[in-house]
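Q: Please take a close look at one part of this structure, namely how its C-terminal portion is packed, and then follow the connections outward from there. I would like a connected account rather than a list.

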Amino acid sequence: MRRLMPRAVVLGGSVAGLMAARVLSDHADEVVIIERDAPDSGDGPRPGVPQGSQVHGLLPAGQQQFERWFPGFIAEAIAAGAVVPPFGSFEFIMNGALRTAKPIRLEQPGLVSTRPFLENLIRRRTLAVPNIRVVTGRAEGLIVEGERVVGARYVGDDGAAEISAGMVVDAMGRSSRLSDWLGDHGFDRPPMQRMGIKLNYATAMFRRDPNMGDTWGSIAFDDGSGGVPRIGGVNPVEGDRWMVLIAGYADDRPSRDPEEFVKRCVEQFPAKFGEVATGCEMIGPVITYHQADSRRRDFHEAKRLPAGLVAAGDAVASFNPIYGQGMTSAALHASCLSAYLRADPDLDRPAQRYFELVRVVVDAAWQTSTLSDLGLAHVDGPYPRGYALISRISGRIARASITDDAVNHKLGLVTMMLAHPNSLMSPAFVLRAMLRGSAPSAAK
């Protein structure tokens, strides 16, 4: 590790920004996070994270990264109340069929918690690093000299201000204005891809009753091949609560009406949903959320970018949140930034190598989530080359994973972001999946 700059500035203090700040602390004398929500905004969802009340998944690949940058993170999370369900206690139901294939046993325990719980833990660990501090403010633009970003403009408690930096990180999320700022300074705007998904969430908390059977949680996925596509989850979270999510697409939009929420759980989802919704006390209101599309900004394709600038997290790509890739992708972007900075880069040149590394992460997550979404009737592209064949193979893999241990294991590594989707394309594996996925027992 080498000190490469006097100061680095991170625009945005969510998971992506916090992780980037931790990495930069090894290479800058000072790291300043500019975040519009005050760091002492409480334990609930922050105003700047409208989806903060919804279910968030931390995939095993994300846990590995958090443990890498914050040793002891998992033990600390468990001590603070994160739930560790017993191995094999989650049920997965796909198109009405219960998965009977053996679950994957990993070295680290699976953690289940709310987004505010996890983010607050990451924030505490990040701000405990001596050379990281937070400034409350709203980012308003870049300071550019020639072909290089040398700082940022923001509006803080004392009005408009400027701050110099050897590197600026855009971690402002889906609503990032970086493309406009680049255009204003005469640089290329990164090409953006969008896939309209029209996802509609509704989430409610219930007081958890430990006497309601041995099933700690339930994940239900219906791709719509037999009717209406729906996804849901019953997740045990800190504070002896169950967080129940029900989701639909397009015109299938759950409301904030508690009675309707309970009715949907009983009539449209597996038994565990109805048991919790009717047998446990609902705590607080039903909270809804809508995400119109998945999107990615392909910085690696921009021909002219300034030096001293990178982007991370949802500012680069945000996916259908059903697949739980967001926080894990942000953590992997941070490790891409570390790999870039450890290679002793020329910071007076654009960070092309960083964006190429991030592209690998984005491509993997995008391939996994959008391929499933393209199977929905209301989603009309963009389609990848060879989509018809890829879709047929992926469908067989998904069906085979319900009953076949080997297929489920390999597919699980991909969905957990521990392996690249291309690992599913070996001839032997495809042949096994095509044979097992066509068996009548796999579709019942």
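A: A crossing of two helices is called left-handed if the near helix is turned anticlockwise from the far one by less than a right angle, and right-handed if it is turned clockwise. With that convention, α2 passes α8 in a left-handed crossing. The model is a predicted one, and what follows describes its computed geometry.

The helices in this crossing are α2, residues 60-69, and α8, whose axes come within 8 Å and cross at roughly 45 degrees. Angles under 35 degrees count as roughly parallel and those of 65 to 115 as roughly perpendicular, and α2 and α8 are therefore oblique to each other. On the α2 side the contact is made by Ala61, Gly62, Gln65, Phe66, Arg68 and Trp69, and these meet Met327, Thr328, Ala331, Leu332, Ser335, Ser338 and Arg342 of α8. By class, this contact divides into 6 nonpolar, 5 polar and 2 charged residues.

Helix α8, residues 326-342, also meets α1, and here the axes come within 9 Å and cross at roughly 25 degrees. That angle makes α1 roughly parallel to α8, and the crossing of these helices is right-handed. From α1, the residues Val15, Ala16, Met19, Ala20, Val23 and Leu24 take part, while α8 supplies Met327, Ala330, Ala331, Ala334, Leu337, Ser338 and Leu341. This contact has 12 nonpolar residues, 1 polar and no charged ones. Met327, Ala331 and Ser338 of α8 are listed in the contact with α1, and these residues are listed in the contact with α2 as well.

From α1 the picture leads on to a sheet. This is an open sheet of 7 strands with mixed pairing, in the order β7-β6-β5-β2-β1-β8-β14. Its edge strands are β7 (159-164) and β14 (309-311), each of which pairs on one side only, and the twist averages 35 degrees from one strand to the next. Within the sheet, β1 (residues 5-11) and β2 (residues 28-35) run parallel and are joined by 6 bridges, with valine 9 having valine 32 of β2 as its bridge partner. Helix α1, residues 15-24, packs on this sheet, where it touches β1, β2, β5 (132-145) and β8 (167-170), and its direction makes about 170 degrees with that of β2.

On the other side of the order from β1, β2 pairs with β5 in the parallel sense over 5 bridges, and isoleucine 34 stands opposite valine 135 in β5. The pairing then changes sense, for β5 and β6 (residues 148-156) run antiparallel and are joined by 8 bridges, with alanine 139 opposite tyrosine 154 in β6. The hairpin of β5 and β6 has 2 residues between the strands, and glycine 146 takes a positive phi near 65 degrees there.

A further open sheet, of 8 strands and again with mixed pairing, has the order β4-β3-β10-β11-β12-β9-β13-β15. Here β4 (97-98) and β15 (317-318) stand at the edges with a single partner strand each, so one side of each is left without a neighbour in the sheet. The edge strand β15 is joined to β13 by 2 bridges and runs antiparallel to β13, and arginine 296 stands opposite alanine 317 in this pairing. Helix α7 packs on the sheet, touching β3 (90-94), β9, β10 (217-222), β11 (230-237) and β12 (241-249), and its direction makes about 125 degrees with that of β12.

Helix α7, residues 271-279, in turn packs against α6, residues 258-268, at an angle of about 150 degrees and with the axes 7 Å apart. That makes α6 roughly antiparallel to α7, and their crossing is left-handed. The contact consists of Val262, Cys265 and Val266 from α6 together with Phe273, Gly274, Ala277 and Thr278 from α7, and these divide into 5 nonpolar, 2 polar and no charged residues.

Finally, the structure holds 10 aromatic pairs. In one of them, the rings of tyrosine 201 and tyrosine 289 have centres 6.1 Å apart and planes at 70 degrees, so the pair is edge-to-face. This pair links distant parts of the chain, with tyrosine 201 in β9 (residues 192-207) and tyrosine 289 in β13 (residues 282-297), 88 residues apart.

Terms used:
Residues are numbered from 1 along each chain as its sequence is written. This is a predicted model: local features need pLDDT of at least 70, side-chain atom pairs count only at pLDDT 80 or more; totals for chains, interfaces and linings use all residues. Side-chain values use heavy atoms; hydrogens and water are left out. Two strands pair if DSSP finds at least two bridges between them. Helices (H or I, at least four residues) and strands (E, at least two) are DSSP runs, numbered from the N terminus. Axes are lines fitted to C-alpha atoms, for helices over the stretch in contact, and angles run from 0 to 180 degrees between N-to-C directions. Contact means heavy atoms within 4.5 Å. Angles under 35 degrees count as roughly parallel, over 145 as roughly antiparallel, 65 to 115 as roughly perpendicular and the rest as oblique. Ala, Val, Leu, Ile, Met, Phe, Trp, Tyr, Cys and Pro count as nonpolar, Asp, Glu, Lys and Arg as charged, and the others, Gly among them, as polar. Rings of Phe, Tyr and Trp (its six-membered ring) pair if their centres lie within 6.5 Å; planes under 30 degrees apart count as stacked, over 60 as edge-to-face and the rest as tilted.
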